[in-house]
Amino acid sequence: MPEEELVELKFRLYDGSDIGPFRYSPASTVAMLKERIVADWPKDKKIVPKGANDVKLINAGKILENNKTVGQCRAPFGELPRGVITMHVVVQPSFPKMKTEKKVDEAPRKTICSCSIL
């Protein structure tokens with residue numbers, strides 16, 4: 001029986017460091033990848049995800065959905081069969097619900113717009 005072709009992935013964090021590379025079956029889901037990232041997250045980082053829901057994976061410019069498999073997420077162009085695929089990790093912590101009460105003492109805020117291109 002031929003061995004299933006595993007996909008080798010590494011995950012690039014916000015500071016340029018990597019987690020991995022690890023080998024995954026093409027049938028592995030993005031949710032499984034996120035769980036592995038949270039479990040292997042370096043302890044010395046300032047930003048730490050609390051759970052898999054705080055993590056977003058980006059591959060080939062697209063945010064990957066939890067129910068997609070690794071095989072479905074592979075970019076069809078320019079990949080070598082044995083190459084390591086780098087996925088970018090974005091940590092977006094879920095914020096607790098804010099109180100709906102308005103503070104009367106607060107001065108009105110000026111709106112400032114800024115853009116950042118990474």
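This passage walks through the aromatic rings of a predicted model and what sits around them.

Two aromatic pairs turn up in the structure. Take Phe11 and Tyr24 to begin with: their ring centres are 6.4 Å apart and the ring planes meet at 70 degrees, so this pair counts as edge-to-face, given that planes over 60 degrees apart fall in that class. The two residues come from separate strands, with Phe11 in strand 1 (residues 7–12) and Tyr24 in strand 2 (residues 18–24), so the pair ties together parts that are 13 residues apart in sequence. As for exposure, Phe11 has 0% relative accessibility and therefore counts as buried. Tyr24 comes in at 9%, so Tyr24 is buried too, the cut-off being under 20%.

The other pair brings in Phe22, again with Tyr24. Here the ring centres are 6.5 Å apart and the planes stand at 75 degrees, so Phe22 and Tyr24 are also edge-to-face. Phe22 has a relative accessible area of 18%, and because buried means under 20%, Phe22 goes down as buried.

Put together, the ring pairs join Phe11, Phe22 and Tyr24 into a cluster. Tyr24 is the residue that pairs with Phe11 and with Phe22. Phe22 has a charged neighbour as well: Arg36 lies over the face of the Phe22 ring, at 3.6 Å from the ring centre.

Notes:
Residues are numbered from 1 along each chain as its sequence is written. This is a predicted model: local features need pLDDT of at least 70, side-chain atom pairs count only at pLDDT 80 or more; totals for chains, interfaces and linings use all residues. Side-chain values use heavy atoms; hydrogens and water are left out. Rings of Phe, Tyr and Trp (its six-membered ring) pair if their centres lie within 6.5 Å; planes under 30 degrees apart count as stacked, over 60 as edge-to-face and the rest as tilted. Helices (H or I, at least four residues) and strands (E, at least two) are DSSP runs, numbered from the N terminus. Buried means under 20% relative accessible area, exposed over 50%, partly exposed in between (1.4 Å probe, protein chains only). A charge sits over a ring if NZ of Lys or CZ of Arg is within 6 Å of the ring centre and within 35 degrees of the ring normal.
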